[in-house]
Amino acid sequence: MNIILGSIIVVVGVLGGYSMEEGRIAALYQPAELVIIGGAGFGAFLISNPRRILKKCLLAAGRILRGSQYTKEFYAETLALLYAILMKIRKEGMIGIEPDIDAPYNSPIFEKFPKVLADKRTVEFICDYFLIMVSGNMNAYEIENLIDIDLESAAHSANKPVEALTYLAESLPAFGIVAAVMGVVITMASIGGPQDELGHKIAAALVGTFLGILLAYGFLGPASKLLQNIAEDEEQFFTCIKTGIIAHLNGYPVRMVIEFARVSISPDIRPASAELDKYVQSFSKKN
């Protein structure tokens with residue numbers, strides 16, 4: 001929602017101010033300049049990114065429109081799931097949760113938490129490390145190191161679309177200058193012609209610079225920053241899960257494990273302890 005609203009404000013602000021000075025909106029319509037800037041930018045984008053990064057950028061476009069999913073409610077549901085898993089371990093031992101982590105989409109525990117179950121990355125992360133605990137003899141220190149490597153790799157991967165979009169945004173003003181220079185070349189070749197025609201060609205050349213800067217700093221730059229913020233939210237979310245897992249491995253009681261995980265959440269979206277208790281209990285009563 002913010003990206004749509006922000007884009008509208010950018011357009012209204014720029015065109016509104018331009019119109020207030022009696023500028024003609026029609027003069028900004030220069031398809032040739034858009035072809036030069038858009039074509040050169042897209043070509044450079046293809047050259048600078050391998051196919052796997054291009055696929056990530058396509059997926060990232062959807063994330064930009066949806067925004068961050070790591071809300072207070074999503075955190076609360078995830079911690080409630082951890083609580084349910086840990087309580088089953090407490091009652092039945094580590095072997096008791098093996099069917100749940102082997103087939104989470106058929107698990108009576110996981111099915112109580114639809115938001116978490118809909119996020120493949122979260123489900124895989126939780127299941128992978130509980131499976132390691134079930135099948136291996138790694139200690140808390142070793143598992144913590146393994147999770148850190150996992151999170152570092154995931155953060156590196158998440159930053160690739162950010163870097164690609166940032167590079168594209170930084171290149172657009174330069175391609176705007178290219179379009180402007182080509183417009184000047186056309187204008188110089190028309191010297192001696194009608195004055196109004198020369199004025200039109202100069203205006204078209206200047207529009208190229210305007211479009212390159214506007215697209216870079218009004219749209220692509222903010223979009224890449226939003227994507228970076230979403231990636232940081234994701235890293236913090238999995239750090240929260242990691243905190244709970246390590247607390248469990250260090251032998252803390254279930255409620256203390258959930259409290260350790262809760263305090264690792266950013267304060268602006270952190271559920272209060274009493275609020276989280278009510279949330280956990282509400283899910284515990286389902287079926």
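The questions and answers below go through the cavity, the pocket, the salt bridges and some surface residues of a predicted model.

Me: How many cavities of 30 Å³ or more does a search of the whole structure find?
Reply: The model is predicted, and the search covers the whole structure. With 30 Å³ as the lower limit, the number of cavities found is one.

Me: Which elements give two or more residues to the lining of the largest cavity?
Reply: The largest cavity holds about 60 Å³ of space. Its lining is made up of Arg121, Leu151, Ala154, Ala155, Ala158, Ala231, Glu234, Glu235 and Phe238. The elements that give two or more of these residues are helix 8 (140-189) and helix 9 (195-249).

Me: How many residues in the lining of the largest cavity are charged?
Reply: Among the lining residues are Leu151 and Phe238, as well as Arg121, Glu234 and Glu235. Arg and Glu count as charged, while Leu and Phe count as nonpolar. By class, the lining has six nonpolar residues and no polar ones, and the number of charged residues is three.

Me: Which element gives the most residues to the lining of the largest pocket?
Reply: The largest pocket has about 620 Å³ of space. Its lining has 21 residues, and those closest to the centre are Leu59, Arg63, Arg66, Arg121 and Glu234. Two or more lining residues come from each of helix 3 (51-66), helix 7 (120-135), helix 8 and helix 9. The element that gives the most, with five residues, is helix 3.

Me: How many residues in the lining of the largest pocket are nonpolar?
Reply: The lining residues of this pocket divide into three classes. Four are polar and eight are charged, and the number of nonpolar residues is nine.

Me: Which residue meets Glu234 in a salt bridge?
Reply: Glu234 lies in helix 9, and its partner lies in helix 3, 171 residues away along the chain. The N to O distance between the two side chains is 3.2 Å, and the cut-off for a salt bridge is 4 Å. The partner is Arg63.

Me: Is Glu234 buried or exposed?
Reply: A residue counts as buried under 20% relative accessible area. Arg63, the salt-bridge partner of Glu234, has 24% and so counts as partly exposed. Glu234 has a relative accessible area of 14%, which means that it is buried.

Me: Why are Glu124 and Lys120 separated by about one helical turn?
Reply: Glu124 and Lys120 form a salt bridge, with their closest N and O atoms 3.9 Å apart. Glu124 is partly exposed at 39% relative accessible area, whereas Lys120 is exposed at 55%. The separation is about one helical turn because both residues are in helix 7 and they are apart by four residues.

Me: Which residues are linked with Lys242 in a network of salt bridges?
Reply: Lys242 and one member of the network meet in a salt bridge with an N to O distance of 2.6 Å. That pair joins helix 9 to helix 8 across 94 residues of the chain. Lys242 is buried at 14% relative accessible area, while the partner in that pair is partly exposed at 31%. The residues linked with Lys242 in the network are Glu144 and Asp148.

Me: How many salt bridges does the count come to?
Reply: The rule asks for a side-chain nitrogen of Lys or Arg within 4 Å of a carboxyl oxygen of Asp or Glu. The pair of Glu234 and Arg63 is one of those that meet the rule, and the pair of Lys242 and Asp148 is another. The count comes to 10.

Me: What is the accessible area of the nonpolar patch formed by Ile4, Ile8 and Val12?
Reply: Ile8 has its place in helix 1 (residues 2-20). Residues of a patch need over 30% relative accessible area, and Ile8 is partly exposed with 47%. Together, Ile4, Ile8 and Val12 have an accessible area of about 280 Å².

Me: How far apart are the C-alpha atoms of Arg24 and Val116?
Reply: Arg24 is in the loop between helix 1 and helix 2 (31-48), and Arg24 is exposed, with a relative accessible area of 57%. Along the chain, Arg24 and Val116 are 92 residues apart. Their C-alpha atoms are separated by 51 Å.

Conventions
Residues are numbered from 1 along each chain as its sequence is written. This is a predicted model: local features need pLDDT of at least 70, side-chain atom pairs count only at pLDDT 80 or more; totals for chains, interfaces and linings use all residues. Side-chain values use heavy atoms; hydrogens and water are left out. On a 1 Å grid over the protein atoms alone, a cavity is a set of points where a 1.4 Å probe fits but cannot get out, and a pocket is an open set with protein on both sides within 12 Å along at least five of seven lines; lining residues have an atom within 4 Å of a point. Grid points are joined across faces, edges and corners, and a volume is the space filled by probe spheres set on the points. Patches are made of residues with over 30% relative accessible area and no salt bridge: like charges are joined within 9 Å, nonpolar side chains (Val, Leu, Ile, Met, Phe, Trp, Tyr) within 5 Å. Accessible areas come from the Shrake-Rupley method with a 1.4 Å probe; for residues, only the protein chains shown count as cover. Buried means under 20% relative accessible area, exposed over 50%, partly exposed in between (1.4 Å probe, protein chains only).
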